[in-house]
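Reader: Please take one strand of this model and go through its surroundings closely. I would like to know what it pairs with and how enclosed it is.

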Amino acid sequence: MSDPHDHRLGRRAFLRLSAGAFAAAVQSRGIAEGASETLYNGIRLARPWPPRYHGLPPSPITPPYLVDRPAVIPIDLGRQLFVDDFLIDDTSLTRACHHAQYHPNNPVVWPSTDWEEYDEYALRTNTRPNPAAMPFSDGIFYDQRDRLFKMWYMGGYSQNTCYATSSDGVVWQKPALDVVAGTNIVTHGLRDSSTVWLDLDERDRTRRYKMARWYDHYMELLASADGVHWRDMGRTGLTGDRTTFFHNPFRRVWVYSLRGESALGGTLRHRRYWETADLFTNVSWAKDEPVVWTGADVDDPRRPELNVPSELYNLDCVAYESVLLGLFTIFRGERGDREKPNDVCVGFSRDGFHWHRPDRAPFLGVSEQPGEWNWSNVQSAGGCCVVVGDQLYFYVSGRRGRPGTNDPGVCSTGLAMLRRDGFASMDEDGAAPALRRVSPATPPGTLTTRPVRFSGRHLFVNVDAPQGELRVELLDRDGRNIAPFTTEACVPVRADSTRAAVTWSGVRDLSRLSGDAVRFRFHLRRGRLYAFWVSPSAGGASHGYLAAGGPGFHGVVDDGAANTR
């Protein structure tokens, strides 16, 4: 990717040698055979699982569940997002994708200690140091037990894992710990990419925190009771640097997101996939065992000044509400006068393997202004995002760079925010809509779902329509009205709310329809609809997953606790 004569190659070689290109996957371990598995959303997985792909096509792969959708979709788990057409039968609304917005006080964490300023490679080669206090994935979670945001990050370039805490997610402290006396270092020494995970479902308190860090061709595995004092848990099979992991609670598996490279004479980065029921066992894969997973494709735009094909540099994932959220770090080339201007795009999966990426514009971008904290190379953090009230907090690493060189310069941590569920909305602005897969009988300003089934009682929506309104009616699976849940009886929602209840005159709740196959038809005027769900409680708990947690919640799912504050 870089000039082979550039000194940055020496830095990378100092930390590791290339693990080599993976061959086409022919996996025996880690692939489930036998009867097919049906997921929480009605999707039936193919066998074997994960699928065996022997390469990646240049064009996007349509997820199988968008081609062959369940006849009836269960919606009891989580808020139902409109990030794809999985739930939609027909609509005259238009989809809009939205991007996170950077906090005005960025960076929120920056190198400020002697060990964060330290750059061993620069010292040895008498070159300018690159101070670092940034997540290289690592992890940022909210720990309800301690009522703290917790961050693990690279402290010093290619050095140490450090630890910081915050009460609000914006102002951070670096506590003095006893691992390396008087510092906030929790693991000392050379490192590359790392992931830390706060596992609230772990029954063994000594493994509540999990870490995998890349060094010398492998991921070193560690566990901790407190996130500070770590013990060795072994290592994985061979893998390339910038390898990470995440937990998929929908299927109760841990997934390693492994760096892969083209075996056909190129260096096109992509991801390979390995799943296991326990992060620390069944991880001694052979070189050729992890399956080809995903990569960039022709829909990922090139930077005009570089004009090279995009590559998938990294993929961090987390369960958010009813989908798996993926943060795709996209490499768009590099030259000698600017460190690689990676940015982060977003994708969604409903089966944990195949991805739908409706928006290829940067979700978390680099600045084009030299001297900004994120002028070079923005990448995502492990855990992906934290739920904070009506917003999602995304943390990223940002490199200031040094114009005229491809040095990273000062490496720090930034914060970006997005409306809760705000990745995509279905919009009606009063103008003539651009119809999409709509029959002539489709009413204007409507969205009709496919048949769904629920056991809850109370309908909620995430909607922005203070100058318009939203009404909802229910239909049977054949499209006939179900009284008294009609448009006329619906109390209009005229609000901007991430949790607005929908009610009908003359009826208390939806309990009489529990277990039936029904359709929702949303009538929207001058507004945006982000999500809907049917809750068992009047408080609106979705019982969906909460990514990296958030203040007020009791666990990894939305139990409604934060709604009662």
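Author: The strands β8 and β10 run antiparallel and are joined by 3 bridges. The model is a predicted one. Within this pairing, Cys162 has Ile185 of β10 as its bridge partner.

Strand β8 covers residues 159–166. It also pairs with β7 (residues 148–155), in the antiparallel sense and over 6 bridges. Here Trp152 is the residue whose bridge partner in β8 is Tyr163. The hairpin of β7 and β8 has 3 residues between the strands, and Gly156 takes a positive phi near 95° in it.

A further partner is β9, a strand of residues 172–173, which runs antiparallel to β8 and is joined to it by 2 bridges. Thr165 stands opposite Gln173 of β9. Between β8 and β9 the hairpin has 5 residues, and Gly169 takes a positive phi near 80° there.

As for enclosure, 8 of the 8 residues of β8 are buried, so the strand is largely enclosed by the rest of the structure. In a regular strand, side chains alternate between the two faces of the sheet.

Following β10 onward leads to a loop. β10 spans residues 185–190 and β11 spans 194–198, and Ser193 is found in the loop between them. Ser193 has a relative accessible area of 0%, which means that it is buried, the cut-off being under 20%. The side chain of Ser193 makes a polar contact of 2.8 Å with the side chain of Arg242. Leaving out residues up to four places away in sequence, Ser193 touches Arg242 along with Phe136, Ser137, Ala212, Arg213, Trp214, Met219, Thr243 and Thr244.

Two nonpolar cores belong in the wider picture. The largest has 136 residues, and those touching the most other members are Leu325, Phe394, Phe423, Trp504 and Phe520. Strand β22 (residues 376–388) supplies the largest share of this core, 7 residues. A second, separate core has 6 residues, including Met154 and Cys411.

Aromatic rings also pair up, with 39 such pairs found in the whole structure. One of them is tilted: the rings of Trp293 and Phe353 are 6.2 Å apart centre to centre, with 35° between the planes. Trp293 belongs to strand β18 and Phe353 to the loop between β21 and β22, so this pair ties together parts that are 60 residues apart in sequence. Both Trp293 and Phe353 are buried.

How values were computed:
Residues numbered from 1 in each chain as written. Predicted model: local features only at pLDDT ≥ 70, side-chain atom pairs only at ≥ 80, totals over all residues. Heavy atoms only, no water. Helix = DSSP H or I, 4+ residues; strand = E, 2+ residues; numbered from the N terminus. Buried < 20%, exposed > 50% of the residue type's maximum accessible area, 1.4 Å probe, protein only. Polar contact = N/O pair within 3.5 Å; in protein donor to acceptor, adjacent residues only side chain to side chain. Contact = heavy atoms within 4.5 Å. Core = buried A, V, L, I, M, F, W, Y, C linked by side-chain atoms within 4.5 Å. Phe/Tyr/Trp six-rings, centres within 6.5 Å; stacked < 30°, edge-to-face > 60°. Pairing = 2+ DSSP bridges.
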